[in-house]
Amino acid sequence: MLEEIRQKYPSAYNAIKVATEASGFTMPSEVLTCSLLKTLAASKPGGKFLELGTGTGLSTTWILDGMDDSASMISIDNDETVLSIAKENLGVDKRLKLICADGADWIKQNAGQKFSFIFADAWPGKYLLLDEVLNMVEKGGLYIIDDMLPQANWPTGHAEKATDLISYLDSREDIILTKMGWATGIVIITKK
Ligand SMILES: C[S@@+](CC[C@H](N)C(=O)[O-])C[C@H]1O[C@@H](n2cnc3c(N)ncnc32)[C@H](O)[C@@H]1O
């Protein structure tokens, strides 16, 4: 995998990965996804970043690695146990604010905020409150989702939800999107 990416891994990555495996967390983002996120993050110097679904901080550390010193990031998860791994390993980074909250509540309470980059990796902001989160993307900003290719562990009915989500995104005229067969299936959206 290292050879495939040929990109320097974030300094905190290995410690987070070890803690993630020890914790039994079953939903980590793939390193291929993370590498793409880092590259895209670097396209937003001074940007405001939002991550919905921190998990243990694997994607967070890659996004931070792509951000410059003047950028800032809010990352949200509702599970204090996994979030504590992210806090332990990334809490010293002054650019990052880690918040333990229900994503749906947070989105409703922060609807007026605008972001240059949103990685929506939890139900809220992807399958729930999608319009509200797309409204939070500034003009020229990026909205990114993964896990859009069929997976063996999807529950009954989820494939239809994923197809409906892509059809809805295709129908919107205020965004430009590319659907990629990369990693678990990524959709990258830019707001017009
Ligand atoms: C796919 S995982 C995120 C993986 C993470 N981005 C990574 O790099 O490993 C989804 C995360 O969303 C969180 N989550 C689920 N429901 C949520 C909610 N309603 N509000 C906030 N976070 C939620 C879960 O606790 C889980 O950590």
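## The loop before α4

T54 lies in the loop between β1 (48-52) and α4. The model is a predicted one. T54 is buried, its relative accessible area being 3%. Setting aside neighbours within four places in sequence, T54 is in contact with S59, T60, S75, I76, D77, L83, A86 and L98. Two of these partners, S59 and T60, are also among the buried residues of α4.

## Helix α4 and the largest pocket

Helix α4 is mostly covered, with 8 of its 9 residues buried. The buried residues are L58, S59, T60, T61, W62, I63, L64 and G66.

The largest pocket holds about 880 Å³ of space. The elements that give two or more residues to its lining are α4 (58-66) and β2 (72-77). In total 37 residues line the largest pocket, and M27, D121, A122, W123 and D147 lie nearest its centre. Sorted by class, the lining has 14 nonpolar, 15 polar and 8 charged residues.

## Aromatic pairs

Across the whole structure, 6 aromatic pairs are found. One of them joins Y9 and W62 in an edge-to-face arrangement, with 5.0 Å from centre to centre and 65° between the planes. This pair links distant parts of the chain: Y9 is in the loop between α1 (2-5) and α2 (13-23), W62 is in helix α4, and the two are 53 residues apart. Y9 counts as buried at 18% relative accessibility, because the cut-off for buried is under 20%. W62 is buried as well, with a relative accessible area of 0%.

The rings of F49 and F117 form another pair, with centres 4.7 Å apart and planes at 35°, so this pair is tilted. F49 lies in strand β1 and F117 in strand β4, so the pair ties together parts of the chain that are 68 residues apart in sequence. Both F49 and F117 are buried. Ring pairs also link Y9, Y13 and W62 into a cluster.

## Surroundings of F117

Strand β4, which holds F117, covers residues 115-120. The relative accessible area of F117 is 1%, so F117 is buried. Not counting residues up to four places away in sequence, F117 touches L37, L40, A41, K48, F49, L50, I63, L142 and I144. Among these contacts, I63 is one of the buried residues of α4, and F49 is the ring partner of F117.

L83, a contact of T54, is 34 residues from F117 along the chain, and the C-alpha atoms of F117 and L83 are separated by 21 Å.

## The β6-β7 hairpin and positive phi values

Strand β6 (residues 175-180) pairs with strand β7 (residues 186-191) in the antiparallel sense, over 6 bridges. Within this pairing, T190 in β7 is the bridge partner of I176. The two strands form a hairpin with 5 residues between them. A183, in the loop between β6 and β7, has a positive phi of about 55° although it is not a glycine. A183 is partly exposed, with a relative accessible area of 23%.

D147 also has a positive phi without being a glycine, its value being near 60°. D147 is placed in the loop between β5 (137-145) and α8 (158-171). With a relative accessible area of 25%, D147 is partly exposed. D147 is also one of the lining residues that lie nearest the centre of the largest pocket.

Terms used: Residues are numbered from 1 along each chain as its sequence is written. This is a predicted model: local features need pLDDT of at least 70, side-chain atom pairs count only at pLDDT 80 or more; totals for chains, interfaces and linings use all residues. Side-chain values use heavy atoms; hydrogens and water are left out. On a 1 Å grid over the protein atoms alone, a cavity is a set of points where a 1.4 Å probe fits but cannot get out, and a pocket is an open set with protein on both sides within 12 Å along at least five of seven lines; lining residues have an atom within 4 Å of a point. Grid points are joined across faces, edges and corners, and a volume is the space filled by probe spheres set on the points. Helices (H or I, at least four residues) and strands (E, at least two) are DSSP runs, numbered from the N terminus. Ala, Val, Leu, Ile, Met, Phe, Trp, Tyr, Cys and Pro count as nonpolar, Asp, Glu, Lys and Arg as charged, and the others, Gly among them, as polar. Buried means under 20% relative accessible area, exposed over 50%, partly exposed in between (1.4 Å probe, protein chains only). Contact means heavy atoms within 4.5 Å. Two strands pair if DSSP finds at least two bridges between them. Rings of Phe, Tyr and Trp (its six-membered ring) pair if their centres lie within 6.5 Å; planes under 30 degrees apart count as stacked, over 60 as edge-to-face and the rest as tilted.
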